[in-house]
Every structure is written in structure tokens, then in C-alpha cells.
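Could you walk me through this protein structure? I'm new to this, so please keep it friendly and take it step by step.

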Amino acid sequence: MAMVEVGIRIDLVKGVAFFGIEAVNQRIAAGGRVIEVRPAGAILTKVGAEEDDERVALGGCQFHVVFEDA
């Protein structure tokens, strides 16, 4: 079983960026078969801190695309 991490990052300065999509498309073009898409979590960005308190902002999300064994 092969797995590729894909997702989106959102930054107020840099804008929106996707990652992992090219690897998924290459595997599909080579005959790979997707058998599952799993949630992998949120991407958090630290925006500040005060003593014992940290502030974070949602900066995107990620997933795992699982391929059938060749």
C-alpha cells in the first residue's frame, strides 16, 4: 500500500498553495488505483503567544491518498 499526502496551505501573504497533487496525478497516470482518502488533520500556524497561552490560526488541511499495491 502506497500513500501520498496532499493538502492545501493558506497564507495571508503567500496566498493559497496546494501540495501533493502532482504525485497523485502521476501515480494515476501510471495506472495506480486510489482505494482510500483519509483525513490527516489541520495545518495550524502560530500567530502569537502570551506566557502559557499560544494563539494559532487555521492555515490549511491535509489528506492521505492511499493507492492499491502494484
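Let's go from the overall layout to the strands, then to the charged pairs and the pocket.

Before anything else, keep in mind that this is a predicted model. Start by following the chain from one end to the other: the secondary structure adds up to one helix and four strands, and they come in the order β-β-α-β-β. What about the overall outline? The C-alpha atoms fit in a box of roughly 50 × 25 × 10 Å along the principal axes. The radius of gyration tells a similar story: the chain has 16 Å, whereas a compact globule of 70 residues would have a value near 11 Å. As for what is tucked away inside, 21% of the 70 residues count as buried.

Now look at how the strands sit next to each other. Begin with β1 (2-11) and β2 (15-19), which pair in the antiparallel sense over five bridges. A hairpin of three residues takes the chain from β1 to β2, and aspartate 11 stands opposite glycine 15 in β2.

β1 has another partner too: β1 and β4 pair in the antiparallel sense, this time over eight bridges. You can trace this pairing with your finger, since methionine 3 faces valine 66 in β4 and arginine 9 faces glycine 60 in β4.

Then there is the pairing of β3 and β4, again antiparallel, with 14 bridges. Here glutamate 36 stands opposite valine 66 in β4. Valine 66 may ring a bell, as methionine 3 stands opposite it as well. The hairpin of β3 and β4 has two residues between the strands, and in it glutamate 51 takes a positive phi near 45 degrees.

Next, the charged side chains. Side chains of opposite charge can pair when their charged atoms come close. How many salt bridges does the structure hold? There are two. In one of them, the side chains of glutamate 68 and arginine 33 meet, with 2.8 Å from N to O. This pair ties together distant parts of the chain: arginine 33 is in the loop between α1 (21-29) and β3 (34-50), glutamate 68 is in the segment after β4 (53-67), and they are 35 residues apart. Are these two residues buried or exposed? Neither label fits, because glutamate 68 has 41% relative accessibility and so counts as partly exposed, and arginine 33 is also partly exposed, with a relative accessible area of 49%.

The other salt bridge joins glutamate 36 and arginine 38, whose side chains meet at 3.2 Å, N to O. Glutamate 36 is the residue we just saw opposite valine 66 in β4. At 34% relative accessibility, glutamate 36 counts as partly exposed, and arginine 38 does too, at 28%.

Finally, let's turn to the empty space. Rolling a probe the size of a water molecule over the atoms shows where empty space is left. The largest pocket has a volume of about 260 Å³. Which residues lie nearest its centre? Of the 13 residues that line the largest pocket, these are Ile10, Asp11, Leu12, Thr45 and Gly59. Asp11 is familiar by now: aspartate 11 stands opposite glycine 15 in β2. The lining draws on several strands, with β1, β2, β3 and β4 each supplying at least two residues. By type, the lining is made up of seven nonpolar, three polar and three charged residues.

Conventions. Residues are numbered from 1 along each chain as its sequence is written. This is a predicted model: local features need pLDDT of at least 70, side-chain atom pairs count only at pLDDT 80 or more; totals for chains, interfaces and linings use all residues. Side-chain values use heavy atoms; hydrogens and water are left out. A salt bridge is a side-chain nitrogen of Lys or Arg within 4 Å of a carboxyl oxygen of Asp or Glu. Buried means under 20% relative accessible area, exposed over 50%, partly exposed in between (1.4 Å probe, protein chains only). On a 1 Å grid over the protein atoms alone, a cavity is a set of points where a 1.4 Å probe fits but cannot get out, and a pocket is an open set with protein on both sides within 12 Å along at least five of seven lines; lining residues have an atom within 4 Å of a point. Grid points are joined across faces, edges and corners, and a volume is the space filled by probe spheres set on the points. Ala, Val, Leu, Ile, Met, Phe, Trp, Tyr, Cys and Pro count as nonpolar, Asp, Glu, Lys and Arg as charged, and the others, Gly among them, as polar. Two strands pair if DSSP finds at least two bridges between them. The radius of gyration is taken over C-alpha atoms; the globule rule is 2.2 Å times the number of residues to the power 0.38.
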